[in-house]
Amino acid sequence: MKSAERVQVARTNWSIEQDDDRTGVSAMKQISAIIKPFKLDEVRDALAEVGVSGLTVTEVKGFGRQKGHTELYRGAEYVVDFLPKIRIDVVLPATMVETAIDAIVKAAFTGKIGDGKIFVTAVEQAIRIRTGESGTDALS
């Protein structure tokens, strides 16, 4: 069997994974955390300690209450509207979400404005392209 055929066969078994109680609540969640860049290593280590095995990191720019700031460059003053941040995306089984959020908050906290935000969304499906594994099996 060719690998493309194997994936095609596996695809027929895909379905939306739900919790055992069939309430329609997703068995997987995505956590997106926007943090200060210098906190990345601490957050990554904290997530590894609680069992998170993979994550995606993106350099982003944005602002919230922090707004931005004024800088001086070669004698000219200019406004920096968008501040550099790091976005960490993790997809986890729903049972691990609270533990992961606690780890992120503890590691990213400085107590100053601009510490960041965490967003949690439901994930209907995850598929490992190489093997065709789906649902929470595709996360590890």
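Student: How many residues are in the largest nonpolar core, and which have the most contacts inside it?
Tutor: In this predicted model, the largest nonpolar core holds 19 residues, and those with the most contacts inside it are Ile31, Ile35, Val43, Leu47 and Ile88.

Student: Which elements give two or more residues to this core?
Tutor: Two strands, E1 (28-35) and E5 (83-93), do so together with two helices, H2 (40-49) and H3 (97-108), and of the elements contributing to this core H3 gives the most, with seven residues.

Student: And Leu47, what is it in contact with, leaving aside neighbours within four places in sequence?
Tutor: With those neighbours left aside, Leu47 is in contact with Val52, Leu55, Ile88, Val90, Ala100, Ala103 and Ile104.

Student: Switching to pockets, which residues lie nearest the centre of the largest pocket?
Tutor: Gly64, Arg65, Gly114, Gly116 and Lys117 lie nearest the centre, out of 16 residues that line the largest pocket, while strand E2 (56-62), E5 and strand E6 (116-123) are the elements that give two or more residues to that lining. The space in the largest pocket comes to about 320 Å³.

Student: How do the residues of that largest pocket's lining divide?
Tutor: Six residues of the lining of the largest pocket are nonpolar, five are polar and five are charged.

Student: What volume does the second largest pocket have?
Tutor: The second largest pocket has a volume of about 230 Å³, and among the 15 residues that line it, Ser53, Gly54, Val91, Leu92 and Leu139 are the closest to its centre.

Student: Which element gives the most to that second lining, and what about its classes?
Tutor: E5 gives the most to the lining of the second largest pocket, with five residues, and by class that lining has eight nonpolar, six polar and one charged residues.

Key:
Residues are numbered from 1 along each chain as its sequence is written. This is a predicted model: local features need pLDDT of at least 70, side-chain atom pairs count only at pLDDT 80 or more; totals for chains, interfaces and linings use all residues. Side-chain values use heavy atoms; hydrogens and water are left out. A nonpolar core is a set of buried Ala, Val, Leu, Ile, Met, Phe, Trp, Tyr and Cys residues joined through side-chain atoms within 4.5 Å. Buried means under 20% relative accessible area, exposed over 50%, partly exposed in between (1.4 Å probe, protein chains only). Helices (H or I, at least four residues) and strands (E, at least two) are DSSP runs, numbered from the N terminus. Contact means heavy atoms within 4.5 Å. On a 1 Å grid over the protein atoms alone, a cavity is a set of points where a 1.4 Å probe fits but cannot get out, and a pocket is an open set with protein on both sides within 12 Å along at least five of seven lines; lining residues have an atom within 4 Å of a point. Grid points are joined across faces, edges and corners, and a volume is the space filled by probe spheres set on the points. Ala, Val, Leu, Ile, Met, Phe, Trp, Tyr, Cys and Pro count as nonpolar, Asp, Glu, Lys and Arg as charged, and the others, Gly among them, as polar.
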